[in-house]
Amino acid sequence: MRTRTTGTSRRTSAAAAVAVLVLGLATACGAGDSGDGDKPAKPDAAADATAEANDPKDPGQVSEPPALEEQPKTIDPKVKGVGAGGGKELTETELAAAVLATGDVSTFKVDPMDGPPAQGENADDPACAPLTAMINGKPEPVASAAVYRQLLGARTGRPAISEFLTTHGTQGAVSLLSRLGDAVKACEDGFKGSGAGGSSTYSAVKRIDVPKAGDDTLAYQVTGDFEGDPVPLVFHVVRVGGTVATFYTANLEGTATPEIPSILLATQAAKLK
């Protein structure tokens, strides 16, 4: 998976962005070693991205992603909670029923997504380990169950957002957000990650304001490096009891902070309560 850097513009497909999200910059995008022998298998999204890149209907390069379509202002009344707000530890089957699905938010369609590979990146600074855990798609402390979904704009297929819903127990979930908040502050000047696929450089980390949803909410941006270009990676994290929903997207087409609509967080929180 490559991004083109002719002139001042960059272009990648929505599926390619999702592949970056679940594999990390080094593994998904070929940073570090150029050989493929040690890289884990790409998820289906990566294969779709390759096919799209070779599609003659490909519209070509764009400098910035298109503006989001107008989002719903309120949660669909058909969305009902599953009772996770009291700290119940959901099983994988229960998570699959609780995670966002097509129809929950009218502006997005939702598809299953492969989980991350067994090996991911490790941070060079232990204080930044919670950040690489999220980039790996494996928030810490380790979840007892997890499901992964791909969210795409219903009309245009964009933006591409990945969601993982994980069970930690209330104490573990509270610790997860607390440790993440500490890491955002401690690693604001950047850090490095390394793994089987090579190494990645993250030049900055900053907290982002986000409307509260559920019991606790945290949003932040990690600025990575993708073949010499800065790549904003954005995470919105919502806790309901012992369950944590992580929404994760990247802008591979420019330097603007990509948006994650707040209606996604609010609807997911309502579906968990």
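By buried I mean under 20% relative accessible area, by exposed I mean over 50%, and partly exposed is what falls in between. I will use those words for several side chains this morning. Please keep in mind that this is a predicted model.

I will start with confidence. The mean pLDDT of the protein chain is 79, and 75% of its residues reach 70 or more. By element, helix α5 has the highest mean pLDDT, at 96, while helix α2, residues 44–53, has the lowest, at 36. Over residues 1–19 the pLDDT is below 50, although this stretch makes 68 contacts in the model beyond its near neighbours in sequence. Residues 22–63 are also below 50, and that stretch has 84 contacts of the same kind. I will say nothing further about either stretch.

Now the sheet. In what order do the strands of the open sheet run? There are 9 of them, and the order is β1-β3-β4-β9-β8-β7-β6-β5-β2, with antiparallel pairing. At the edges stand β1, residues 108–112, and β2, residues 122–123; each has a single partner strand, so one side of each is left without a neighbour in the sheet.

Let me go through some of the pairs. Strand β4 is joined to β9, residues 243–250, by 6 bridges, and the two run antiparallel. Within that pair, Thr-166 has Val-244 of β9 as its bridge partner. Helix α5 packs on the sheet and touches β4, β6, β7, β8 and β9. The direction of α5 makes about 45 degrees with that of β7.

Further along, 5 bridges join β5, residues 191–195, to β6 in the antiparallel sense. A hairpin of 2 residues connects β5 to β6. Strand β6 also pairs with β7, again antiparallel and over 5 bridges. Tyr-202 is a useful marker here: this residue of β6 stands opposite Phe-191, and its bridge partner in β7 is Gly-224.

Next, the nonpolar cores. As background, nonpolar side chains in soluble globular proteins tend to be buried together. The largest core in this model has 29 residues, and Leu-131, Tyr-220 and Leu-233 have the most contacts inside it. Which elements each supply at least two residues of this core? They are α4, α5, β6, β7, β8 and β9. The most comes from α5, which gives 6 residues.

Leu-233 is worth selecting in your viewer. Leaving aside neighbours within four places in sequence, Leu-233 is in contact with Ile-135, Tyr-202, Tyr-220, Gln-221, Val-222, Tyr-248, Thr-249 and Ala-250. Tyr-202 from the strand pairs I just described is therefore on this list too. There is also a second, separate core of 28 residues, which includes Leu-90, Ala-98, Val-110 and Leu-165.

On to charged pairs. The structure holds 7 salt bridges, and I will show some of them. One joins the side chains of Arg-179 and Glu-140, with N to O at 4.0 Å. Arg-179 lies in α5, residues 169–186, and Glu-140 in the loop between α4 and β3, so the pair ties together parts that are 39 residues apart in sequence. Are these two buried or exposed? Arg-179 is at 32% relative accessibility and Glu-140 is at 34%, so both fall between the 20% and 50% limits and count as partly exposed.

Another salt bridge brings Arg-239 and Asp-215 together at 3.8 Å, N to O. Arg-239 is in strand β8, residues 229–240, and Asp-215 is in the loop between β6 and β7, so this pair links parts 24 residues apart in sequence. Arg-239 has 12% relative accessibility, which is under 20%, so Arg-239 counts as buried. Asp-215, at 33%, is partly exposed.

Asp-76 and Lys-78 form a salt bridge as well, at 2.9 Å, N to O. Asp-76 is partly exposed at 22%, whereas Lys-78 is exposed at 65%.

Last item: cis peptide bonds. In general, most peptide bonds are trans. Here, Glu-140 and Pro-141 are joined by a cis bond with omega of about 10 degrees, and Pro-141 is found in the loop between α4 and β3. A cis bond also joins Arg-158 and Pro-159, with omega of about 5 degrees. Pro-159 sits in the loop between β3 and β4.

That is what I have for today.

Terms used: Residues numbered from 1 in each chain as written. Predicted model: local features only at pLDDT ≥ 70, side-chain atom pairs only at ≥ 80, totals over all residues. Heavy atoms only, no water. Buried < 20%, exposed > 50% of the residue type's maximum accessible area, 1.4 Å probe, protein only. Helix = DSSP H or I, 4+ residues; strand = E, 2+ residues; numbered from the N terminus. pLDDT = per-residue confidence, 0-100. Contact = heavy atoms within 4.5 Å. Pairing = 2+ DSSP bridges. Axes fitted to C-alpha atoms, helices over the stretch in contact; angles between N-to-C directions. Core = buried A, V, L, I, M, F, W, Y, C linked by side-chain atoms within 4.5 Å.
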